[in-house]
Amino acid sequence: MADIDRQEDTQSETSGTRRNVEWSGQDTYWRDNYGARPYTQADRAYEYYQPAYKYGHESAFFYGDRAWDHEVEDDLARGWEQARGDSNCSWDEVKDAVRDAYERARSL
């Protein structure tokens, strides 16, 4: 996958439209809503899931209008070690959060 550490304000060409890869508003959305997601655990704070949400959000812009499929999932799984930064969560623990943010970003 492309370097997701690129500038948060970069824009991406997708299907002839420009969309802004702006994370801060999405960070607020996920912080307010993560606890209601079926894959989250009550004893885990938002900060546990935050790198996964950011990774999914930014990845959606890299893949353009491509729907989540096994190929996308496999590619993102391979990139998780680098994308997670200081997080110690495994791909299996956060893949549903990555997908959730990926699909939300595609709908924006």
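**Close-up 1. Thr40 sits in the loop between helix H1 (24–33) and H2.** In this predicted model, Thr40 counts as buried because its relative accessible area is 15%, and the cut-off is under 20%. Its side chain has two backbone oxygens to talk to: that of Tyr34 at 3.2 Å, and that of Arg37 at 2.9 Å. Setting aside neighbours within four places in sequence, Thr40 is in contact with Tyr34, Gly35, Tyr49 and Tyr53.

**Close-up 2. Tyr53 keeps plenty of company, Thr40 included.** Once neighbours within four places in sequence are ignored, the aromatic residues in contact with Tyr53 are Trp23, Trp30, Tyr34, Tyr39 and Tyr46. Arg37 and Thr40 are in contact with Tyr53 too, as are Ala97 and Ala101.

**Close-up 3. Here's the largest nonpolar core, with 27 residues.** Which residues touch the most other members? They are Tyr53, Leu76, Trp80 and Val98. Helix H2 (46–62), helix H3 (70–83) and helix H4 (91–107) each chip in with at least two residues. H2 gives the most, at eight residues.

**Close-up 4. Helix H4 runs for 17 residues.** From first C-alpha to last, H4 reaches 23 Å, close to the 24 Å expected at 1.5 Å a residue. Tucked away as buried residues of H4 are Trp91, Val94, Ala97, Val98, Asp100, Ala101, Tyr102 and Ala105. When you look along a helix, remember that an α-helix has 3.6 residues a turn, so residues three or four places apart point the same way. Two of the buried H4 residues, Ala97 and Ala101, are also in contact with Tyr53.

Technical notes. Residues are numbered from 1 along each chain as its sequence is written. This is a predicted model: local features need pLDDT of at least 70, side-chain atom pairs count only at pLDDT 80 or more; totals for chains, interfaces and linings use all residues. Side-chain values use heavy atoms; hydrogens and water are left out. A nonpolar core is a set of buried Ala, Val, Leu, Ile, Met, Phe, Trp, Tyr and Cys residues joined through side-chain atoms within 4.5 Å. Buried means under 20% relative accessible area, exposed over 50%, partly exposed in between (1.4 Å probe, protein chains only). Helices (H or I, at least four residues) and strands (E, at least two) are DSSP runs, numbered from the N terminus. Contact means heavy atoms within 4.5 Å. The expected span of a helix is 1.5 Å times one less than its number of residues. A polar contact is a pair of N or O atoms within 3.5 Å; within protein, one must be able to donate a hydrogen and the other to accept it, and residues adjacent in sequence count only if both atoms are side-chain atoms.
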